[in-house]
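Thank you for making room for me today. I would like to walk you through one structure, and I will try to take it step by step.

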Amino acid sequence: MDFSTRAIHAGQDADPATGATIVPVYQTSTYTQTAVGETKGYDYSRTVNPTRVALEKQLASLEDAVYGSAFSSGMAATAAILNLLSAGDHAIVTDDLYGGTYRLFSKVLVRYGLTFTYVDMSDLAAVSAAIQPNTKLFWIETPTNPLLKLIDIAGVAALKPSGAVVVVDNTFASPYLQSPLALGADVAMHSTTKYIGGHSDAVGGAVLTNDSAIHEVVKFHQNAIGGVPGPMDAWLTMRGAKTLAIRMREHEKNARAVADFLVSRDDVARVYYPGLASHPQHELAKRQMRGFGGMVSFTLRGPESRALEFAKHTKLFSLAESLGGVESLLCHPARMTHGSIPKDERERRGITDGLLRLSVGIEGIDDLIDDLAGALDATIALARNV
Ligand SMILES: Cc1ncc(COP(=O)(O)O)c(C=O)c1O
């Protein structure tokens with residue numbers, strides 16, 4: 001079945017109790033039993049809730065996965081996945097990744113005896129060199145956040161020692177544009193807060209897999225730790241996901257136009273977008289993805305402080321954390337999303353104080369380009385003043 005059809009119908013059966021066409025918000029923490037232990041499959045909403053189950057079926061279908069688990073945030077989903085590891089295990093991690101993921105790994109999980117090696121995973125030889133006898137997990141983000149580098153998912157999967165798992169944070173691409181499980185990954189995870197939810201009104205996460213043993217561990221920890229979405233957030237995410245395909249097409253169309261516009265400006269130093277023929281991994285992007293997504297990063301000519309000035313002058317691009325909503329957002333990664341990474345480490349990875357990241361929304365493209373042009377023109381004197 002087509003992606004759009006699955007987005008609208010998977011898990012979305014009419015309500016068995018009332019016939020309601022749209023899955024209801026089952027705003028209940030508990031379920032009445034007819035006799036001790038006699039339930040209709042639902043006993044307590046941390047463990048199971050019908051609205052969440054509908055979302056889990058829908059998201060599993062979008063990733064062509066057998067199993068889906070929904071979480072209260074992307075970070076809760078990540079934490080559940082890391083429970084596949086035990087003290088003494090080692091993980092290889094993309095060095096350009098979401099700052100909160102880095103914080104969880106480097107500040108929390110190391111205290112539990114896990115070790116992490118951060119590698120430029122776009123270099124498969126570097127990945128191979130980092131493998132240790134106790135390597136149990138490979139954490140891939142592709143395209144990476146915020147530098148939009150690509151990692152060859154199938155290439156990493158081919159290097160995986162037996163018993164290890166390859167996880168792909170598929171948040172930036174969305175399941176519409178990239179299918180990690182088909183490329184050999186064991187797990188796809190999402191911050192559904194972003195493109196899947198799509199309207200910046202609910203925080204959530206998801207874990208999708210075809211491996212029943214992995215699913216069992218993730219499900220066990222979903223209940224044992226309890227990072228589950230409330231029914232209303234599950235419902236909002238499910239409603240948003242129904243229009244993922246049509247939104248992604250518009251995000252991508254606008255992002256391509258924004259990237260071309262930025263390239264055309266002499267006062268823009270560098271543009272990062274996998275859809276540009278000049279992107280060093282454009283060929284991999286064409287092979288691995290079904291489109292190039294809605295995120296564009298760039299640096300300006302002039303001092304790095306010009307980025308901060310630029311951020312004061314956009315009117316439609318709101319200066320805000322997050323991405324993937326219908327509205328356009330602008331972010332200064334060094335001070336915002338990636339502020340939890342120490343400055344020297346950040347700079348080593350290329351996340352300079354001059355870098356800006358756009359989540360290109362689905363507004364009219366002429367308005368978005370006018371907005372960016374206005375902010376560039378307002379700060380152009382700085383470009384000449386290096
Ligand atoms: C790529 C990526 N992964 C994971 C997360 C964490 O998700 P959440 O904020 O829903 O916990 C984010 C959040 O920005 C992200 O951008």
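**A walk through the model**

Let me begin in the loop between α2 and β1, which is the place of Asp-64. Before going on, I should say that this is a predicted model, and everything I describe is to be taken in that light. The phi of Asp-64 is near 55 degrees, a positive value in a residue other than glycine. Most residues other than glycine have a negative phi. Is Asp-64 buried or exposed? Asp-64 has a relative accessible area of 58%, and because anything over 50% counts as exposed, Asp-64 is exposed.

There is a second residue of this kind, Ser-322, which sits in the loop between β10 and β11, the latter covering residues 329–331. Its phi is near 80 degrees, again a positive value in a residue other than glycine. Ser-322, at 24% relative accessibility, counts as partly exposed.

Now to the two elements on either side of Asp-64, and I will take the helix α2, residues 50–62, before the strand. The axis of α2 comes within 9 Å of the axis of helix α8, residues 231–241, and the two cross at roughly 30 degrees. That crossing of α2 and α8 is left-handed. On the side of α2, the contact is made by Thr-51, Arg-52, Ala-54, Leu-55, Gln-58, Leu-59 and Leu-62, while α8 brings Pro-231, Ala-234, Trp-235, Thr-237, Met-238 and Ala-241. If we sort the residues of this contact by character, nine are nonpolar, three are polar and one is charged.

How many of the eleven residues of α8 are buried? Eight of them are, so α8 is largely enclosed by the rest of the structure. The buried residues of α8 are Pro-231, Ala-234, Trp-235, Leu-236, Thr-237, Met-238, Gly-240 and Ala-241. What covers them includes α2, which we have just met, together with α1 and α9, the last of these being residues 244–264.

On the other side of Asp-64 we come to strand β1, residues 67–71, which is mostly covered, with four of its five residues buried. Which strand does β1 pair with in the antiparallel sense? The partner is strand β7, residues 205–209, and the two are joined over five bridges. To give you one position to look for, Ala-70 has Ala-206 in β7 as its bridge partner.

There is also an open sheet of five strands, which runs in the order β8-β9-β12-β11-β10 and has mixed pairing. Its edge strands are β8, at 268–272, and β10, at 318–319, each of which pairs on one side only. β8 pairs with strand β9, residues 295–300, in the antiparallel sense over four bridges, and here Val-271 stands opposite Phe-298 in β9.

Let me turn to the aromatic rings, where a pair is described by the distance of the centres and the angle of the planes. The structure holds six aromatic pairs, and I have chosen two of them to show you. In one of these, Tyr-31 and Tyr-42 form a tilted pair, 5.5 Å centre to centre, with 35 degrees between the planes. Both residues are in the loop between α1 and α2, eleven residues apart. Tyr-31 counts as buried at 16% relative accessibility, whereas Tyr-42, at 25%, counts as partly exposed.

The other pair is made by Phe-105 and Phe-116, and this one is stacked, 4.7 Å centre to centre, with 5 degrees between the planes. Phe-105 lies in helix α4, residues 99–108, and Phe-116 in strand β3, residues 115–119, so the pair ties together parts that are eleven residues apart in sequence. Phe-105 is buried at 0% relative accessibility, and Phe-116 is buried too, with a relative accessible area of 13%. Together with Trp-139, Phe-105 and Phe-116 form one aromatic cluster.

I will finish with the backbone, keeping in mind that most peptide bonds are trans. A cis peptide bond joins Thr-142 and Pro-143, with omega at about -5 degrees. Pro-143 is placed in the loop between β4, residues 135–141, and α6, residues 153–159. The peptide bond from Asn-145 to Pro-146 is cis as well, with omega near 10 degrees, and Pro-146 is likewise found in the loop between β4 and α6.

Notes. Residues numbered from 1 in each chain as written. Predicted model: local features only at pLDDT ≥ 70, side-chain atom pairs only at ≥ 80, totals over all residues. Heavy atoms only, no water. Axes fitted to C-alpha atoms, helices over the stretch in contact; angles between N-to-C directions. Left-handed = near helix turned anticlockwise from the far one by under 90°. Contact = heavy atoms within 4.5 Å. Nonpolar A, V, L, I, M, F, W, Y, C, P; charged D, E, K, R; others polar. Buried < 20%, exposed > 50% of the residue type's maximum accessible area, 1.4 Å probe, protein only. Pairing = 2+ DSSP bridges. Phe/Tyr/Trp six-rings, centres within 6.5 Å; stacked < 30°, edge-to-face > 60°.
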